[in-house]
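Good morning, everyone, and thank you for making time for this. I would like to walk through one structure with you, slowly and part by part, so please have a look at it first.

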Amino acid sequence: MRAKSILTAALLCSALALGSDQFAMSDADRALYAELLENNPAEMDVEWGGELVEKYCGGDAGLAKFMGVTEAKLPEYVSGFPRYIKKFDAVLGLDQVMQALMAQNGHKPYKLSSKEMFAMLAYAKSLANDEPIRIDVNANPQMEAAYALGEEVFMTKRGGRGLSCNSCHSADIVGTVLRTQPLPDLGENNAGGTWPAYRMTKSSLRTLQRRFQGCMQNALLAVIPIGSKEMVGLEVYVTKLAKDKKKTISIPGLKR
Amino acid sequence: MADRKSLIKIKPKKYKTGEVVKVSFMIMHPMETGMRKDKKTGQIVPADYISDVQFLFDGKPFTTLKVWESVSTNPVFTVGFKVPGNGALTVTYKTNTGESGESTKKVKPKG
Amino acid sequence: MQRRAFLQTVGLAAVAGAVITPSMALAAEQPKGANAMGLDAALKAITGGKMPTPSDKVHLKAPEIAENGAVVPVTVEVDSPMTPEDYIKAIHVFATKNSNVRTLDAMLTPANGVAFFSTRIKLGSTQDVMVVAETSKGEFLSAKQSIKVTIGGCG
């Protein structure tokens, strides 16, 4: 990809050293980018997702009924995902629940990593916009186990450089500028409440687990499959970080 | 006529006749520059971008855009609009490949 | 942990974020598209040879540092009564170092109420973005701003 070869050329030129010249955006720049949130191309994905949920899941009503809540309670219920779903005896994301509903309705479910499912997840989660993140990691033994697994995945050093998620996202490292970007505090930056999001560098809607995979690739960690127990656990852990900072849900997000 | 996802937004959502609002048109389109190589095939992906956009009110054009390939993928275009009254706001587009499309939104001032 | 020690630990001590300068972009074989056009030619096509006058009536809003070159927000607002006798009839946005400097030409009318235009553009390298506003009286006003394009972040 052209971008990579430019970066390689930059390194060979050693025209850039770390230290003083790490280019970080000013507050004015960040405010400008925040304005972009207003007209987020992912709003079109959310609309499309709504059409798909209507077609394959029976819309909001069908979704609510499948999950055993009233439509009025749907936003509150959605704000608590990932959840332990008794029917399937597993801690699941909203996308996995919609797969099951599609199957029940006689449709072949979209793959979790498909554009369609990303859009459906964005729509369904946006039903909880402005709700506080309500994930309850103590709701039952299964949620406790999922949280514990997620924390383990977050903390485990692995891969060629012996890195864990925590290597770059622990409280004492956050804020350090790495490759022009300050390393984010995943709770404070509300990763749990702002994904699915439009990624500007990918010009498309992406989900949190998909972003985890990209991050793992960059850190030379073996990529974990979307929807696996480990990935769902990781999402539970990261979502709890945002809950601890009292964040609310705001979909679609906008990210670099 | 293509079935591309697009959205017309008016800000603020509540407005009066005579008020100047912001109208945004966004559309899902790859905006291929014709200078990018497909990673898998090694071939240049042909140019495919929105080249013209027009904003009309009740059929009368009030803004015309000439758009080039370096506008971002999934573009958003925002212009000002002095609300004349009730009517239909239409946005049409054309691409360099001969595709065209149109969408409409009702303008309903309150007061 | 000190920053340098941290970066050495993660094995990224030798890696820095890159600022894309035009020479680097050229080094990475930037092909020219069918619409390739430089700034002088593009300006001439619009003004017929007249040099635009830098004016503080033209307000250009764009980031000083763009964290990615694919989606760079650009907003232009020009002070104007936007009456049939005196309005801005066009706003042209140029990416002065893209192989085709033209990004967008917005033809406005008094019905716009305000001479405003906003979009997002792709910038191939650090460069000036220049906007030229054409008034109904035949004047050409301009403004420009430098935008540093960076590639950064992890993935």
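How many Å separate the centres of domain 1 of chain A and domain 2 of chain A, taken over C-alpha atoms? Taken that way, the two centres lie 21 Å apart, and I should say at once that what you see is a predicted model. As for where these domains sit in the sequence, domain 1 of chain A covers 42-126, while domain 2 of chain A covers 140-255.

Let me stay with the place where the two domains meet, where 19 residues of domain 1 of chain A are in contact with 19 residues of domain 2 of chain A. On the domain 1 side, the elements of chain A that contribute two or more residues are helix 3 (42-57), strand 2 (90-92) and helix 7 (115-126). Helix 7 of chain A gives the largest share of that side, namely six residues. If we sort the residues on this side of domain 1 of chain A by character, eleven are nonpolar, five are polar and three are charged.

Now to a pair of helices in chain A. The axes of helix 11 of chain A, residues 208-218, and helix 12 of chain A, residues 229-244, come within 10 Å and cross at roughly 105°. Angles from 65 to 115 degrees count as roughly perpendicular, and therefore helix 11 of chain A and helix 12 of chain A are described as roughly perpendicular to each other. Their meeting place brings A:Leu208, A:Gln209 and A:Phe212 from helix 11 of chain A together with A:Met231, A:Leu234 and A:Glu235 from helix 12 of chain A. The residues of this contact divide into four nonpolar, one polar and one charged.

Chain A also has an open sheet of three strands, which come in the order 6-5-7 with mixed pairing. At its edges are strand 6 (204-206) and strand 7 (253-255) of chain A, each of which pairs on one side only. Direction ignored, neighbouring strands of this sheet are turned by 35° against each other on average. Strand 5 of chain A, residues 197-199, runs antiparallel to strand 6 of chain A and is joined to that strand by three bridges, and within this pairing A:Tyr198 stands opposite A:Leu205 of strand 6.

Moving on from chain A, we find that eight of its residues are in contact with twelve residues of chain B. The chain A side of that contact is made up of four nonpolar, two polar and two charged residues.

Which chains supply the strands of the sheet in the order 1(B)-2(B)-7(B)-8(C)-5(C)-3(C)? Chains B and C do, and together they form an open sheet of six strands with antiparallel pairing. Strand 1 (6-11) of chain B and strand 3 (58-61) of chain C are the edge strands, and each has a single partner strand, so one side of each is left without a neighbour in the sheet. Here neighbouring strands are turned by 15° against each other on average, direction ignored. Six bridges join strand 1 of chain B to its antiparallel partner, strand 2 of chain B, residues 20-27, and B:Ile10 stands opposite B:Val23 in strand 2 of chain B.

Finally, chain C itself. Its secondary structure comes to three helices and ten strands, following the pattern α-β-α-α-β-β-β-β-β-β-β-β-β along the sequence. Of the 155 residues in chain C, 49% are buried. Among contacts in chain C between residues at least 6 apart in sequence, 68% join residues at least 24 apart.

Technical notes: Residues are numbered from 1 along each chain as its sequence is written. Chains are lettered from A and ligands numbered from 1 in the order in which they are written. This is a predicted model: local features need pLDDT of at least 70, side-chain atom pairs count only at pLDDT 80 or more; totals for chains, interfaces and linings use all residues. Two residues are in contact if their C-beta atoms, placed from the backbone, lie within 7 Å. Ala, Val, Leu, Ile, Met, Phe, Trp, Tyr, Cys and Pro count as nonpolar, Asp, Glu, Lys and Arg as charged, and the others, Gly among them, as polar. Domain bounds come from an automatic or database domain assignment. Helices (H or I, at least four residues) and strands (E, at least two) are DSSP runs, numbered from the N terminus. Two strands pair if DSSP finds at least two bridges between them. Axes are lines fitted to C-alpha atoms, for helices over the stretch in contact, and angles run from 0 to 180 degrees between N-to-C directions. A residue is buried if 20 or more other C-beta atoms lie within 10 Å of its own, exposed if 12 or fewer, and partly exposed in between; C-beta atoms are placed from the backbone. Angles under 35 degrees count as roughly parallel, over 145 as roughly antiparallel, 65 to 115 as roughly perpendicular and the rest as oblique.
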